[in-house]
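Welcome to this tour! Open your viewer, keep the selection tool handy, and follow along one stop at a time.

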Amino acid sequence: MRDLDGLKRELEHTRLTAVTRRHFLRHCGTGLGALWLATTAGAVDRLGFARAPAEPLAPLPPQFPAKAKRVIYLHMAGAPSQLELFDYKPVLARLDGQDCPPSFLEGKRFAFISGVPKMLGPQFPFHPSGQAGAWISDRLPHFERHIDDVCFVRSMRTDEFNHAPAQLMLHTGSPRFGHPSLGSWVTYGLGTENQNLPGYIVLVSGGKTPDGGKSLWGSGFLPSVYQGVQCRAQGDPVLFLSNPADVSRPERRRVLDAIGDINREQHARHGDPETLTRIAQYELAFRMQVSASEAMDLSRETAAVHARYGTQPGAESFANNCLLARRLAERGVRFIQLYHWGWDSHGASESEALTTGFPKRCLEVDQPIGALLSDLKERGLLEETLVIWGGEFGRTPMRENRNGQEMKFVGRDHHPGAFTVWLAGGGVKPGFSYGATDEMGYNIVENPVEVRDLQATIIRLLGFDHHKLSLPFQGLDQKITGVKPTRIVREIIA
Amino acid sequence: MEFNTHIRPILMQHCTSCHGGVKAAGDVSLVYRDAVEAVGKKSGRRIIVPGRPEESELIARITSTDAERRMPPADHAPALAPEKVALLRQWIQEGARWQDHWAFTPPVAPALPLVAPPRASDRRGPIDAFVLERLAREGLAPLPEAPRPALLRRVSFDLTGLPPTPEETAAFVADASPSAYERQVDRLLASPHFGERWASLWLDLARYADTKGYEKDTERQVWPYRDWLVQAFNRNLPYDRFVIEQLAGDLLPGATLDQRLATAFNRLTQVNDEGGTDDEEYRIAAVLDRVGTTWAATSAVTMNCVQCHSHPYEPIRHREFYQFLAYFNASADADLPSDHPTLRIAEAPDRRAAAWALQQEIDRLRRDVVAAGRDAAEATRWQPVPVAAATATPAVEFRLAGGELAAAGTVASNARYEVTLAVPAGSEPLTALRFEVPPDDPEKARHTPERGFIVMGLDLAVVAPDGAATPVAVGRYFPDTENFTTRFTRAVPRPSSGPSEGPPPAKARGKAKQAPEEQRDVTLEFHFAANPTLQAPRWIVAALREPLLVPAGSSLRVTVRHQRDITSKPAPVRRLRVAGSGDVRWTALGGDAALAAKVARVSEAIAELARIPGADVPVMADLPAAEGRETRLFARGNFMDKTGPALAPGMPALFPPVPAGRPANRLTMAEWFFQPGQPLTARVAVNRFWEQLFGAGIVATLEDFGSVGEPPSHPALLDWLALRFERDLRWDMKALLREIVLSATYRREARLTPELLERDPANRLLARGPRQRLTAEMVRDQALAASGLLSRKLGGPPVMPPQPAGVWQTVYNSREWVEASGADRYRRAVYTYWKRSAAYPGFLTFDLPVRDLCTARRSPTNTPLQALVTLNDVVYHEAAEALAGRAGREAGEGGVATPDATIARAFELVVSRAPTAVEAARLRRLYDEAFAAAAALPAPETADGAAVPATRLAPPARAMRDVAVAILNLDASFVR
């Protein structure tokens, strides 16, 4: 009986999807609709993502029933060491200080390691935790309370070993500039639930923009309306959101009324539907001024909430951004991307060392992440919100020896061959671990997951076949996962 | 029955994803012409037997009832519909005549359609005939000509990117002569602002930015190239010269400064300065980009598809991509932070010639000196001088084999090698030593280079048995190349006018006098580097000042000094071999006064050049022949995995062949795009110009003329225009634009009747005139022009108008946005500083592409963020205030203007026509409401009870500013 109901629901869903898409394709002959029609003409078997020109972000149903409705992606820019947090390697501890075996070095490209480096054991104690007994170091006590809510993937790998290309690879599927980011693809495919807020919001902390810059949330060859909107701690939370200092809201309203009246008359004479779109967008902008300011205003939260997250309204901090992420998730924002800079623990300076800068960064993120997970769970949002944490690559089990010399501080070089990410909520298996590295944490020995596999899995959780979330450009049906064989990691889907 | 119309679409839809260029299942590909002759691997039968469908395996397979045999396989797709099978059958029956895709076949002059225009004014030239013919077939009637103010607004924006002034509009309206419109067009084509508008088109294709991209995204001074573009359009450089100079201007005989500058086009690729990156990887990325961009810009062919495999649906093979890449793989640039090679362009136009003369002199003298050494080195019989021993500080593990030195393991950045040479006993006195650094694997390095090296100095000494070292003087070092990738400098005393002898000045006398040195470029005196990569043995010859006889028992020692890194990693010599000679010519060369004078002059000329303020623009230049790279195919597009033989430059066989006897270089490649019979070059160009004027190309997919691009809406018109441009107009861009904007088709009214909205919402049939949204640049320029704030200064370094704080925030990059003051605050949009990783937000919002990659088409959007920009960005706020002020001044006749007159004037300044009665009344109502509200505001409290502070506008000014904001944000203000 249950199966039959499920089937019925799915059929109805498929029918609705088809009807809606066909409707948009047929009735949106101008503006964006026409553009996509033009570019997809002659194509077979593609999903249409056309919308009425006035509503480029109108929600569209996914291809399949989705497990996750939205994404909060916590990117630790600079690439935190998996060997100090989640990938426990007792053998590596025993080999600490010994020469690296030559097999690790042959045919490999490193950013800074040269010659024969020494192995470096974990810098912090580990212990098993939670019902599944997942090993974790002592640096993340708040996060650890949620260890049974998250799913670890310890067998991530990437092709890129420098920050900017690796970050671009992770977020746009290509190591070069110019491709749409995951958030752009997702808002292109799904639109967003709250038309008074941008559908794809980016929050940056750690004092620097990540190495890949704004291209990490760029829309590439998708229309620019799908690019991430960076919300800022200082100044306007969204660029140009506030009226100029000497313009009041009633004054602005009067101006908009006049613009609307004249535009309506203009439409009566010229008949261009774009005019109607413009009228609608001016009204939306007016509403957004209020709704975005309200959404971004942390002073509306209680003291208890601030204590829980460790937030201070007005500051640029990861804690503030985690609380904002929850507020935006509540308000129906589709894709919320956080970047926290400063994890590049080479050991070249105190702030970059595993023993000094790294634990500081852990402190900055631990409590807010714990608070975010608890808060989402309590509000019933975690089930439908996919939370992802990780860097752009991993770090070597060898100690970095820049210029072939022992360095003043302890650090590890970039390592594309293995790193850990975790996912929570949004349809992933809680309290689950997937994939494994060898005894040194250097090579993956079980269930490797490529960056494109992770992307395909995220897209599947949101209800799409990654092949179908595509746009023809430069002669190819472009998609974030590219042309190499890609695998949805079904094992981690609940 | 036509292959392109009836058959190709079936093959594309049902067959080529398995039997195409990427996958050719069973060795069957239906992309190439020879498919007709192909034999099936399994069946051994011919796929297609012309005239005999029943013997053709293709028909057998698509009609088979055997699930194992049927195509497409049941698990892929359902069987072909009977009518498609019938078409294929008929096509084979009729002889299976293959056709190349329309765009790969040269245009043929079409017959002019004979159509009777509804009104005489509907047909002004051949363009209109083609358009009317199609409209007649569709049963649509064209709209009449647009009212003059609307027409002048349209053509002013289209040709110059600026709105007409009310006076220009009035003059046009009043001009009763039959050539009134032509006169306006000619005026606009001659405007210096014409180039500023049309440069934008090419800046998108050229992926122009003022920064280098990737992580650090540091500044790159390429604005002289942008100015070159503006001037190229203004002086109406013919399109063939325009493209050839950008692709290969440096190789033209007697290349001028401008022609070399034009080649910056293909140096706008990104450079990765992030520490620890592989320079070869990013050099290759740039070369791949040049291939893709060149084909996209000239031919709208998606050549980048062929990087990893044969083209999935065009008949272009994988190997052909790399044959074409070989034209670009000879270039000297190598992802260096310096952007080498560069050309210095003086900022002041009147000093450009002087800077250019200096650079030519430097190049000539360098070539002379290097050639003197190279000729002598080639004529010398070198004798090996084996390495006997070597040590280093910090320590390095050396291996000595065959008299050669090899460094193993780790070498520190500042390593200093002490190498003892065993000069064979009884050899003649040494006049020269040659130091040579070979790659570890010389064969492989020719196509896959190794990490490079930088040697800071080679010091020679004779070491006596007791350890006492006597330096050996070198007359001159002769490098092996004039491609100086690495700059060497030395502190030299600053030329001083006062007495230079005497005690050093006391500390208290000021810092300036304590620095009597300047850094002089001494690269020509010593350059021993393979930076960033080593692809062939490199050498340097030390010509000794005097012949040297090493006494028995003594040894010759060379100290190899290192210091500099390459992308944050040590750059030591890893192999070294030494040879010596007693040839007397070296003694002469080492002491040659004429050479010494040339070397000194180069150093001086470089210093003179450095004193001319200007930009170092990256340009194209090819490596000296001896350093040429080998190009091989990258397996699956991976530059780390090369395969097959070395490939000579060449063109895909799909296109006309390169004329015999031409050198295999970039110039040949560039000129090839313009040889008669080229199917794409002219079509793609006229289509771009057409799209700029009409909002959609005749081929809507500007970026792809291939078999999945859209077919042309007016094929005969496209071919007519292409041939007209190429043959009659001889690539004259202004003449082409003139012809199009003079057509009745362009001049039509842009009204959407309900019928047209239903039948042709996107105006592909052109029954009405174009109604396009202003581009990002035009939105800004209109506000500034209408308000009177616009600076009309042409060219120069990019400017930084106000943008919100904190937009620029990039790791490892200290460059800051310094808000411009004065006229530079109000320059045209095209001069705004464009940073790839943090582009000017107001333009991004209005769809200016980031320009990381070649972009052929902007997608116009219509979003609330755009409203926020034009309502709240300080640029528009200032413009509104200025517009209100200007309108008030200009509307009043010698005195104060009435609000109505001011409103009308402001409206005309922006919208290029008088307001309708409804519009005027509604804006007047806004004025009155705003006035009342402003007047009702409580007086702001000030400490001393003085009047309103200056920052708050008085009620009339404030009300008129609100009106100006409304006018600048009207729908009518955003369209042209």
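Between which helix and which strand of chain B is the loop where B:Asp339 is found? Select B:Asp339, and you will be in the loop that links helix 13 and strand 1 of chain B. Remember as you look around that this is a predicted model.

**Stop 1: a loop with two surprises**

Stay on B:Asp339 and check its backbone angles. Its phi is near 65°, a positive value in a residue other than glycine. Most residues other than glycine have a negative phi, and most peptide bonds are trans. Is B:Asp339 buried or exposed? B:Asp339 counts as buried because 20 other C-beta atoms lie within 10 Å, and 20 is the number at which a residue is called buried.

Now select B:Pro341, which sits in the loop between helix 13 (318-328) and strand 1 (342-346) of chain B. The peptide bond from B:His340 to B:Pro341 is cis, with omega near -5°.

**Stop 2: another cis bond, and a strand beside it**

Next, select B:Thr393 and B:Pro394. The peptide bond from B:Thr393 to B:Pro394 is cis too, with omega near -15°. B:Pro394 belongs to the loop between strand 3 and strand 4 (397-401) of chain B.

Go to strand 3 (residues 387-393) of chain B and pick out B:Ala388. Which residues does B:Ala388 touch, leaving aside those up to four places away in sequence? They are B:Thr420, B:Leu421, B:Ala422 and B:Ser555. B:Ala388 is partly exposed because it has 16 other C-beta atoms within 10 Å, a count between the 12 of an exposed residue and the 20 of a buried one. For a sense of scale, draw a line from B:Ala388 to B:Gly44: the two are 344 residues apart in sequence and 68 Å apart in space, C-alpha to C-alpha.

**Stop 3: a pair of strands**

Select residues 450-455 of chain B to show strand 8, where 5 of the 6 residues are buried. Add residues 528-534, which form strand 14 of chain B; strands 8 and 14 pair in the antiparallel sense over 5 bridges. Where the two strands meet, you can find B:Arg451 standing opposite B:Thr533 of strand 14.

**Stop 4: a helix and its cover**

Select residues 126-138 of chain B. This is helix 4, whose 13 residues reach 19 Å from the first C-alpha to the last, close to the 18 Å expected at 1.5 Å a residue. Which residues of helix 4 of chain B are buried? Colour B:Ile127, B:Asp128, B:Ala129, B:Phe130, B:Val131, B:Leu132 and B:Leu135 to see them. Then show helix 20 (715-728), helix 21 (733-741) and helix 22 (744-747) of chain B, which are included in what covers those buried residues. Helix 4 of chain B is followed by B:Gly139, with a positive phi near 70°.

Step back to B:Glu94, in the loop between helix 3 (82-93) and helix 4 of chain B. B:Glu94 counts as exposed because it has 12 C-beta neighbours inside 10 Å.

**Stop 5: the domains of chain B**

Give each domain of chain B its own colour: domain 1 (3-99), domain 2 (354-493 + 513-594) and domain 3 (875-974). The centres of domain 1 and domain 2 of chain B are 65 Å apart, taken over C-alpha atoms.

How confident is the predictor here? Chain B averages a pLDDT of 91, and 95% of its residues score at least 70. Residues 498-513 of chain B have a pLDDT below 50, and beyond near neighbours in sequence this stretch has 2 contacts in the model.

**Stop 6: chain A, and where the chains meet**

Turn to chain A, with its 12 helices and 17 strands. Of the 494 residues in chain A, 58% are buried. Select A:Asn447, in the loop between strand 14 (444-446) and strand 15 (449-450) of chain A. A:Asn447 has a positive phi near 50°, although this residue is not glycine.

Finally, show both chains together. In all, 82 residues of chain B are in contact with 75 residues of chain A. On the chain B side, helix 29 of chain B gives the largest share, 8 residues. By class, that side has 34 nonpolar, 28 polar and 20 charged residues. The predictor gives the complex an ipTM of 0.87 and a pTM of 0.84.

Notes
Residues are numbered from 1 along each chain as its sequence is written. Chains are lettered from A and ligands numbered from 1 in the order in which they are written. This is a predicted model: local features need pLDDT of at least 70, side-chain atom pairs count only at pLDDT 80 or more; totals for chains, interfaces and linings use all residues. Two residues are in contact if their C-beta atoms, placed from the backbone, lie within 7 Å. Helices (H or I, at least four residues) and strands (E, at least two) are DSSP runs, numbered from the N terminus. Ala, Val, Leu, Ile, Met, Phe, Trp, Tyr, Cys and Pro count as nonpolar, Asp, Glu, Lys and Arg as charged, and the others, Gly among them, as polar. Domain bounds come from an automatic or database domain assignment. pLDDT is the predictor's confidence in each residue, from 0 to 100. Two strands pair if DSSP finds at least two bridges between them. The expected span of a helix is 1.5 Å times one less than its number of residues.
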